[in-house]
Amino acid sequence: MPNARSEPVSEDAIRQWCVAYLAKALRLPPEGIDHDQDFAGLGLDSAESVFMVTAAEDWLGLELDSEVAIQHPNITAFSRFLTSLLRQQGRAAP
Amino acid sequence: MDDALFGRPLASMAELLAIRADQAPDAPAFTWLPEREGEPVALTFAQTRQRAHAVATELLRHAAPGDRALLLFPSGLDCVVAFLACLAAGVVAVPMMVPRRVTARDSSAAILTDCEPTVILTSPDLLESRPDLADRFRADNIAWLTVDATRDTHSEPPAHVPAGSDIALLQYTSGSTSTPKGVVVSHDNILANVEMIRRQMGHPARATNVNWVPLYHDMGLMMGVMQPLYLGGHSILMAPAAFMRRPLNWLRAIHKYRAATSGAPNFAYDLCASRAHQEAVGDLDLSSWTLALNGAEPVNAATIERFTNAFAPYGFAPGAMYPGYGLAEATLQVTGGLRGALPVARSVSRDGLRRGRADPPRDQADSQITISSGQAAPGCRMAIVDPDTGARVPPLIVGEIWVGGPHVAQGYWRKPEVTAETFAARIPTEETEPWLRTGDLGFLDGDGALFLTSRIKDLIIIRGMNHYPQDIERTAQDSHPAMRRDCGAAFSITEQDGTERLVIVQEVERTRRQDLDVDAIARTVREAVTTAHDIAVHAIVFIRPASLPKTTSGKIQRGKVRLLWQQEELDVIGSA
């Protein structure tokens, strides 16, 4: 994984990463992105959600299923899920 | 030795499979590349025949020749075996996209009702991972059969041998979600088109092909299964999701297997070019790739340039890029270029195109680069006609593309009226066989090269998938009470980089105009459209009641709405 990092990452950092990613991908102002809004409501179709999952994989060095952004369909749920995976590996920062 | 087969009369691709299995039993026929770790899974020609025959025999215990079998598979060897089993048994194959978990509104239920299958073929893995599918397609009189391509079984050829004129498959790529149309493709249609494709594309015998385009899509099925089998070549198959996740893995597969051919819709080339700028490409040699088919959505000049520039350093030959045009109603291929030649580009006047003429541009700002989709394939008739009168138009005048030949399908399944309208067109004063009306618009240059311009039916094509504006408009209107019924327009726009994006223009109810929360309603509409149709909404524009352009008979003028939107002349209340 090209950008995989080994230092711990916090749930809040993941949320911020999601906001930054979505703002760029969907051309939305970051301050207008609601953490509890469904990804589909923000305009993320399944192809775009696959791109986001892949980018998260690269960033965090995790292996993720293509459908994780469908099963955890907003920033809050997605970040919480990724944090739980990192915690299992002892890589979640408080 | 193989060449003697090409053009020889055959009854079906199943007969061809049997011949291939006799000729080269141990040569690799289909290889599946798993997305992550794990070794590729391969079937030889002999194994492919044996497993297809075993499934065909099993199939004929539950279905009679001519009955329909729904193919419910993710891409993979199980799907290939199931499809070839249907061909061998003379049971009509109905490939279908596996419905997404979250979607309630898709075409699957309507397809089931329309084709009345006797059997549903699926894979053991899918049935286990998606228990909701059994509920979704529950019916008393449908048998479920699972197909495991890796299971070693012995079998004799099925007792029934289909005739060339029998129906091989129904391709449900046309029609809206609520009224899907199944294109009736015969064994003869497939055989005619694979030979046309071979001659036009100049495929060498046993050419290796890499394909990730979904196998329920006409392009994936023909290029990933039928064409390699016809050529006796090795077909390397990947999951569409594997491509979407790691686009460059497509090119790595071409490198690894020294593939000569591989094709995809335009967006895929664009995606690869972007990735090449973002990540390390690594060790990649694309010099074996002599035909890169670019079809199933509009071909963009900027994409071709970007892709070629990005991958020329890795051995990609500019002449390998091969734009083509086709549609399921003609099995697949209608036009294509000359193998190895550079794509033909033409600069035309934007203004002229709006008036249906391919004039030279006045100046730089008026210039639009169009890429030719090539000439009619050998044995294919093509005419550009005035869609209202059916009379031929001269070169450089835009008209509807009409097509004839042995690859033109038999019609739409159990839809005699639409079949007559679409498949039995006549050019006045000409005594020829009937023509297929494609609904696509384009012009020819002096050399008979086709340039596509737009679609009559307002079809929206995003990432190679067809969407009907009526379906999207209905979803948007159903999502919120402030949306006026039948008073919206969905259309696509092409951005500078060639990306197609969806725009929705929608009238708002008079009574709701005062307290309108534009952002909240826009979110609701976006969510509904993305969930139901899996397309991102680029822009939503709410306009004043009764301001949407319609014809005197009440039809929505989507082309005019698009123009007004581009010129910012709509009566806008709010947009997001």
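Q: Where is B:Arg258 found, and how do we know the neighbouring elements are a helix and a strand?
A: B:Arg258 lies in the loop that links helix 10 (247–256) to strand 11 of chain B. Helices and strands here are DSSP runs, numbered from the N terminus: a helix is H or I over at least four residues, a strand is E over at least two. The model is predicted, so local features need pLDDT of at least 70 and side-chain atom pairs count only at pLDDT 80 or more, while totals for chains, interfaces and linings use all residues. Residues are numbered from 1 along each chain as written, chains are lettered from A and ligands numbered from 1 in the order written, and side-chain values use heavy atoms, leaving out hydrogens and water.

Q: What makes B:Arg258 buried, partly exposed or exposed?
A: Buried means under 20% relative accessible area, exposed means over 50%, and partly exposed is in between (1.4 Å probe, protein chains only). B:Arg258 has 38%, so it counts as partly exposed. Its phi is positive, about 50°, although it is not a glycine.

Q: How does B:Arg206 fare on that scale?
A: B:Arg206 has a relative accessible area of 49%, and therefore is partly exposed. This arginine sits in the loop between helix 7 (187–201) and strand 9 of chain B, with a positive phi near 60°.

Q: Why is B:Leu59 called buried or exposed?
A: Its relative accessibility is 0%, so B:Leu59 counts as buried. B:Leu59 belongs to helix 2 (residues 45–62) of chain B. Beyond its neighbours within four places in sequence, B:Leu59 is in contact (heavy atoms within 4.5 Å) with residues including B:Ala69, B:Cys86, B:Val119 and B:Leu145.

Q: What are the values for A:Cys18 and B:Cys380, and what do they make of these residues?
A: A:Cys18 is at 0%, so it is buried. B:Cys380 is at 10%, so it is buried.

Q: How many disulfides are there, and how do we know?
A: A disulfide is a pair of cysteine sulfur atoms within 2.5 Å. By this rule the count over all chains is zero.

Q: What makes strand 1 and strand 2 of chain B a pair?
A: Two strands pair if DSSP finds at least two bridges between them. Strand 1 (residues 28–32) and strand 2 of chain B share four bridges in the antiparallel sense, so they satisfy the rule. One bridge partner of B:Pro28 is B:Thr44 in strand 2 of chain B. Helix 8 (residues 218–231) of chain B packs on the sheet, touching strands that include strand 1 and strand 9 (209–211) of chain B. The direction of helix 8 makes about 150° with that of strand 9 of chain B, where axes are lines fitted to C-alpha atoms (for helices over the stretch in contact) and angles run from 0 to 180 degrees between N-to-C directions.

Q: Why is strand 18 of chain B described as largely enclosed?
A: Four of its five residues (381–385) are buried, so strand 18 of chain B is largely enclosed by the rest of the structure. Strand 18 of chain B also pairs antiparallel with strand 19 (residues 399–404) of chain B, over five bridges. In that pairing B:Ala383 has B:Trp402 as its bridge partner.

Q: What makes helix 15 of chain B mostly covered?
A: Seven of its ten residues are buried, among them B:Ile472, B:Thr475 and B:Ala476. The elements covering the buried residues of helix 15 include strand 22 (460–462), helix 16 and helix 17 (558–566) of chain B.

Q: Which strands are the edges of the sheet 24-25-26-27 of chain B, and what makes them edges?
A: This is an open sheet of four strands with mixed pairing. Strand 24 (483–494) and strand 27 (572–575) of chain B each pair on one side only, and they are the edge strands.

Q: How do we know how much area chain A and chain B bury?
A: Buried area is the accessible area (1.4 Å probe) that two parts lose on being put together, summed over both. For chain A and chain B that comes to about 1,900 Å², 43% of it on carbon and sulfur atoms. A:Arg27, A:Asp45 and A:Phe51 supply 25% of the area chain A buries against chain B, more than any other three residues. The contact takes 23 residues from chain A and 23 residues from chain B.
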